[in-house]
Amino acid sequence: MSQLLVLEDDDTIGRVLESSLRLHGYGVSWVRTGRSALAEAASVDFDLVLLDLGLPDIDGVEVCRRLRVTLPSAVLVILTARTEEMDVVVGLEAGADDYLTKPVRLAELLARVRAHLRRGTAEVGGTPPITIGELSVDVAGRRVTLAGREVRLRAREFDLLARLAEEPGVAVSRTTLMTEVWDTHWYGSTKTLDVHIAALRRKIGEVAPAERAPQISTLRGHGYRLERPGVHAGPG
Ligand code: CA
């Protein structure tokens with residue numbers, strides 16, 4: 001089970017974060033001060049930390065800097081109000097991996113946490129493979145099979161397919177894919193996304209004929225969608 005540390009001095013937000021994350025199967029320690037966060041981090045090897053920057057005792061950026069040292073492999077995610085943009089920059093420089101703007105939308109928070117933990121070394125043990133028709137995506141084992149045959153994918157190709165497979169039949173925007181699969185602060189060209197989609201289609205096509213494989217549709221001006229079985233791909 002992944003262990004999460006939540007540092008949030010606001011009771012309402014802290015309570016919601018704690019209960020939602022627990023509900024989704026994470027171990028959660030919720031603390032309200034920088035001092036107690038540092039104490040917790042000294043005794044538990046957390047996989048991910050959500051930290052508010054406005055704290056009653058120690059400056060949040062300083063807490064972030066110290067957590068980076070105490071927990072070198074943990075994912076550090078800053079929670080910040082929109083008005084604190086400078087804090088985000090400083091926080092990222094202090095070793096944070098990502099940030100979320102308050103008010104935090106739970107769906108987005110959970111998606112980010114999942115994506116970060118999937119990329120990291122955290123165990124996803126016991127999670128069953130995602131099955132779409134004859135396609136099976138084993139996120140824990142990082143293996144993809146189609147009609148019983150293994151599809152050999154490179155790391156990013158796997159991450160991309162796993163992300164699309166999380167929500168079959170749902171359009172996933174380019175921004176979301178770039179954010180979750182490549183980098184959370186992506187400002188460059190997204191051509192690499194199309195290249196990876198092309199590689200995925202080709203590799204899937206090599207393993208099974210089109211009628212047996214879920215198709216990836218191109219949604220012009222938006223992104224991509226992994227179709228449910230029996231649905232034909234859109235243009236692209
Ligand atoms: Ca606060």
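**Exercise 1. Overall composition**

Task: State how many helices and strands the protein chain has, and what share of its residues is buried.

Solution. In this predicted model, the protein chain has eight helices and twelve strands. The chain comprises 236 residues, of which 46% are buried. Turning to contacts with a separation of 6 or more, residues 24 or more positions apart account for 55% of them.

**Exercise 2. The calcium ion**

Task: Identify the protein donors of the calcium ion, and determine whether aspartate 9 is buried, partly exposed or exposed.

Solution. Step one is to list the donors: Asp9 (OD), Asp52 (OD) and Gly54 (O) lie 2.1 to 2.3 Å from the calcium ion. In sequence, the spacing of these donor residues reads D-x42-D-x1-G.

Step two is to place them in the fold. Aspartate 9 is in the loop between strand 1 (3-7) and helix 1 (11-23), while glycine 54 is in the loop between strand 3 (48-52) and helix 3 (60-70). The pair is 45 residues apart and links distant parts of the chain.

Step three concerns accessibility. Partly exposed covers the range between under 20% (buried) and over 50% (exposed). Aspartate 9 has a relative accessibility of 31% and therefore counts as partly exposed. Glycine 54, with a relative accessible area of 39%, is partly exposed as well.

**Exercise 3. The five-stranded sheet**

Task: Give the strand order of the open sheet and name the strands at its edges.

Solution. The order of the five strands is 2-1-3-4-5, and the pairing is parallel. Strand 2 (27-31) and strand 5 (98-102) each have a single partner strand, so they stand at the edges, with one side of each left without a neighbour in the sheet. From one strand to the next, the twist averages 20 degrees.

The pairing can then be followed at one edge. Strand 4 (residues 75-81) pairs with strand 5 in the parallel sense over five bridges, and alanine 81 stands opposite lysine 102 in strand 5. Helix 1 lies across strands 1, 2, 3, 4 and 5, and runs at about 170 degrees to strand 2.

**Exercise 4. Two helix pairs**

Task: Classify the packing of helix 2 with helix 3 and of helix 7 with helix 8.

Solution. Two packed helices are described by the angle between their axes and the distance between the axes.

For the pair of helix 2 (residues 34-43) and helix 3, the axes come within 10 Å and cross at roughly 5 degrees. Helix 2 is therefore roughly parallel to helix 3. Gly34, Ala37, Leu38, Ala41 and Ala42 in helix 2 meet Val63, Arg66, Leu67 and Thr70 in helix 3. By class, this contact has six nonpolar, two polar and one charged residues.

For the pair of helix 7 (residues 174-182) and helix 8 (residues 191-207), the axes are 10 Å apart and the angle is about 85 degrees. Helix 7 is therefore roughly perpendicular to helix 8. Helix 7 contributes Arg174, Leu177, Met178 and Trp182 to the contact, and helix 8 contributes Lys191, Thr192, Leu193, Asp194 and His196. The classes are four nonpolar, two polar and three charged residues.

**Exercise 5. The partners of strand 12**

Task: Describe how strand 12 (residues 223-226) pairs with strand 10 (residues 172-173) and with strand 11 (residues 216-219).

Solution. Strand 10 and strand 12 pair in the antiparallel sense over two bridges, with serine 173 opposite glycine 223. Strand 11 and strand 12 also pair in the antiparallel sense, over four bridges; here threonine 218 has tyrosine 224 as its bridge partner. The hairpin of strand 11 and strand 12 has three residues between the strands, and glycine 221 takes a positive phi near 75 degrees in this hairpin.

How values were computed: Residues are numbered from 1 along each chain as its sequence is written. This is a predicted model: local features need pLDDT of at least 70, side-chain atom pairs count only at pLDDT 80 or more; totals for chains, interfaces and linings use all residues. Side-chain values use heavy atoms; hydrogens and water are left out. Donors are N, O and S atoms within 2.8 Å of the metal (3.2 Å for Na, K and Ca); water is not among the atoms, so sites may look incomplete. Buried means under 20% relative accessible area, exposed over 50%, partly exposed in between (1.4 Å probe, protein chains only). Axes are lines fitted to C-alpha atoms, for helices over the stretch in contact, and angles run from 0 to 180 degrees between N-to-C directions. Angles under 35 degrees count as roughly parallel, over 145 as roughly antiparallel, 65 to 115 as roughly perpendicular and the rest as oblique. Contact means heavy atoms within 4.5 Å. Ala, Val, Leu, Ile, Met, Phe, Trp, Tyr, Cys and Pro count as nonpolar, Asp, Glu, Lys and Arg as charged, and the others, Gly among them, as polar. Two strands pair if DSSP finds at least two bridges between them.
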